[in-house]
Amino acid sequence: MLYLAADLALKLTPGPDMALTLTRGMTQGFRTAWISVLGTWSAGFVQVPLVVLGLAAIFQESQTLFAAVKVLGAIYLVYLGIRALRRCARATATNLTAQPGSARDAYWQGFMTNLLNPKVFIFMIAFLPQFTDPARGPVWVQMLVLGVFSKMLGLVTGAIYAYGASRIRGWLSRNAWFMRLQDGLLGVAMLGIAGWLIFNRDPISSPSR
């Protein structure tokens, strides 16, 4: 129960994944936002095994590697942000109707946003061992179970965020003046997330989910 409470509290902490889901839900609807959540969740198929095998510990030993992954993730998000802003700038009065987001783009953006955030690795390797007990069996099995549980809880909370954000989309679709801002909002969000990854200097105590 303590693990559940702690993990749920962290899921409610604003971070890149939440920002991406809310932006997708508000501008492109529940389906696209949900696919983005699936992308975020499926990053766990890479992260959890790495943490269980202990490979994520290299981030704690190498500040250079940590910084390199952080910069790589930020560059990718900057690219997405600029591309969205360029689409916004090219928009005209004849194409202001809301367009459904590409499912493939939404999935891979969610996947890469979560995977390229080294804070997720740092947090998991610092957090999961606190709730293991060698007397209860192999620690790696316990960490595997806790990691999978954390990712499943993230899937549920992500779906809630996606649904909640999509509920206000109806109002947006009735206001044509906002449609041109659809890509602009996404672009600004991507650039903001990139800045958050670069300038947030506390990798352990302020984990991103």
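**Close-up views of a predicted helical model**

Val141 counts as partly exposed because its relative accessibility is 31%, a value between the limits of 20% for buried and 50% for exposed residues. The structure shown here and in the following views is a predicted model.

**View 1. Val141 in helix H9 and the surrounding nonpolar patch.** Val141 belongs to helix H9, which covers residues 139-167. On the surface, Val141 forms a nonpolar patch together with Trp140, Leu144, Val145, Val148 and Met152. The accessible area of these residues together is about 510 Å².

**View 2. Trp34 in helix H3 and its contacts.** Helix H3, spanning residues 30-42, contains Trp34. With a relative accessible area of 27%, Trp34 is partly exposed. When residues up to four places away in sequence are not counted, Trp34 touches Leu155, Ala159 and Ala162.

**View 3. Trp34 and Gly110, 76 residues apart along the chain.** The separation between the C-alpha atoms of Trp34 and Gly110 is 9.8 Å.

**View 4. The protein chain as context for the close-up views.** The protein chain comprises 12 helices and 0 strands, and its pattern along the sequence reads α-α-α-α-α-α-α-α-α-α-α-α. Among contacts in the protein chain with a separation of 6 or more, 85% are between residues 24 or more positions apart. The protein chain has 209 residues, of which 46% count as buried. About 10600 Å² of the protein chain is exposed, and carbon and sulfur atoms supply 70% of this area.

Definitions and conventions: Residues numbered from 1 in each chain as written. Predicted model: local features only at pLDDT ≥ 70, side-chain atom pairs only at ≥ 80, totals over all residues. Heavy atoms only, no water. Helix = DSSP H or I, 4+ residues; strand = E, 2+ residues; numbered from the N terminus. Buried < 20%, exposed > 50% of the residue type's maximum accessible area, 1.4 Å probe, protein only. Contact = heavy atoms within 4.5 Å. Areas by Shrake-Rupley, 256 points an atom, 1.4 Å probe, with all protein chains shown as cover. Patch = residues over 30% accessible without salt bridge, like charges linked within 9 Å, V, L, I, M, F, W, Y side chains within 5 Å. Salt bridge = Lys/Arg side-chain N within 4 Å of Asp/Glu carboxyl O.
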